[in-house]
Amino acid sequence: MAHVTWSQNWNSRERMQNKEEAATCGFDCKDLIKLFSIPPMIPKNVPKQSTLHDGISRRRFIQAGTAALAFGAGLKMGADQKSKSPGTQGKPLRLGIISDVHHGLQPDAIKRLESFIQAMEAEKPDLIIQLGDFCYARPESREFVEVWEQFKGPRYHVLGNHDMDRTTKQETMDFIGMRAPHYSFDAGDFHFVVLDCNYILNDGEYVNYANRNYFIEQARRDRINPEQVEWLRADLAGTQRQTFIFSHQAFDENWSGWSVPNRLEVRAVIREANQKAMDRTGAPHVIACFSGHHHIDEVSEIEGVQYMQMNSASYYWTGGKFGSEGPRAVYSKPLYALVTLDPSGQIGVKGQAGEFHKPTPADTGFPAAKRLTAAIIDRTIKFPTAGQKG
Ligand SMILES: [Fe+2]
């Protein structure tokens, strides 16, 4: 398997149970530890949508006197299960990442997910996360979701556009057991943010994806809503941990024209947070943004942030008849990656590599064939940490 080192030369769980976990929660913990005299809980009436979370910092929640509610909501709402904060501080954190499995469109999607889950059961990463376009929320997908749930560790979801092809966003989240469309959590030494770019802009109003309503011009779809951008700003301000962002659609310039149309708003928030962190510690706050959606294996750097597009588990969408199965250029193996985040300043990606089923995109003359790979290549990427100038 190819091995690429890109660093300086860039060309190329249940509930919070004790104070120790409080120290990993990402809040300013002195006051929070007092909160543990409040029965730790996730209220049964926590809204499934993130209305509690949108645009309001966690500190403001606490100031508003809704500490227990916010605490449970803010930390746990994205996971599809209640779990402890994953990982161990001071040690590398290992994540299993899979994206764009496309159950309902890719006939063997369930076998591909089974392969990933079996590998993760053997590897035992600290958490697994899927980056969207997972399945249609319908009874035929229940078995598929049950495969996902076989992984016994913490599991996290990101919403993809096709996840709302047959249902509303809320119906999709209910089906896969996702408690909020965007959220954040801590794991190991790091902070993680999951964003939802499944909004369309209609006459100045941001509207959730539902039942394929996003088949409109690109400029008005795949957008992040302003309230979420402000939520991101507040969320980053609420933690000093180095942070990784997950989304389905990308904020980079790869495959330009198909990334989030208002991605510069997100990058401006990241730039602001990173400048503050650089001034304070000499190291950036946001290290990398992982995305799916484009079904490609590419990494780019913008303003010191790594934008990592994770390939689909299943196929590349060529459209027309350029694929091995009509518009799909199907991969011979299910693709996924085991990503290790070392607090000493290194991202390690260990991916799966296969081939295209025949005829391949090159065989059919697909114009962008040279750019495509049926693989997630291994990579090692260095990043600055506090105290390491540059
Ligand atoms: Fe997608």
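**Exercise 1.** Which residues have the most contacts inside the largest nonpolar core, and how many residues does that core have?

*Solution.* In this predicted model, the largest nonpolar core has 90 residues. Those with the most contacts inside this core are I97, I129 and F290. Beyond its neighbours within four places in sequence, I129 is in contact with L95, I97, Y156, V158 and F246.

**Exercise 2.** Determine which residues of helix α7 are buried, and how they are arranged about its axis.

*Solution.* Helix α7 spans residues 169-176, with K169, T172, M173, F175 and I176 buried. Viewed down the axis of α7, these buried residues fall within an arc of 160 degrees, so they line one face of the helix. The elements covering them include α6 (142-148), β4 (155-157) and β8 (205-208). After α7 comes G177, with a positive phi near 80 degrees.

**Exercise 3.** Establish whether K124 and D203, each with a positive phi, are buried or exposed.

*Solution.* Most residues other than glycine have a negative phi. K124 has phi near 50 degrees and lies in the loop between α5 (109-123) and β3 (127-130). An exposed residue has 12 or fewer other C-beta atoms within 10 Å. K124 has 11, so it is exposed. Phi of D203 is also near 50 degrees, and D203 is in the loop between β7 (199-202) and β8. With 6 other C-beta atoms within 10 Å, D203 is exposed.

**Exercise 4.** Identify the residues over which pLDDT stays under 50.

*Solution.* The mean pLDDT of the chain is 82, and 78% of its residues reach 70 or more. Over residues 1-78, however, pLDDT stays under 50. Where pLDDT is low, the predicted coordinates should not be read in detail.

Key:
Residues numbered from 1 in each chain as written. Predicted model: local features only at pLDDT ≥ 70, side-chain atom pairs only at ≥ 80, totals over all residues. Buried ≥ 20, exposed ≤ 12 C-beta atoms within 10 Å, placed from the backbone. Helix = DSSP H or I, 4+ residues; strand = E, 2+ residues; numbered from the N terminus. Arc of directions from axis to C-beta. Contact = placed C-beta atoms within 7 Å. pLDDT = per-residue confidence, 0-100. Core = buried A, V, L, I, M, F, W, Y, C linked by C-beta atoms within 7 Å.
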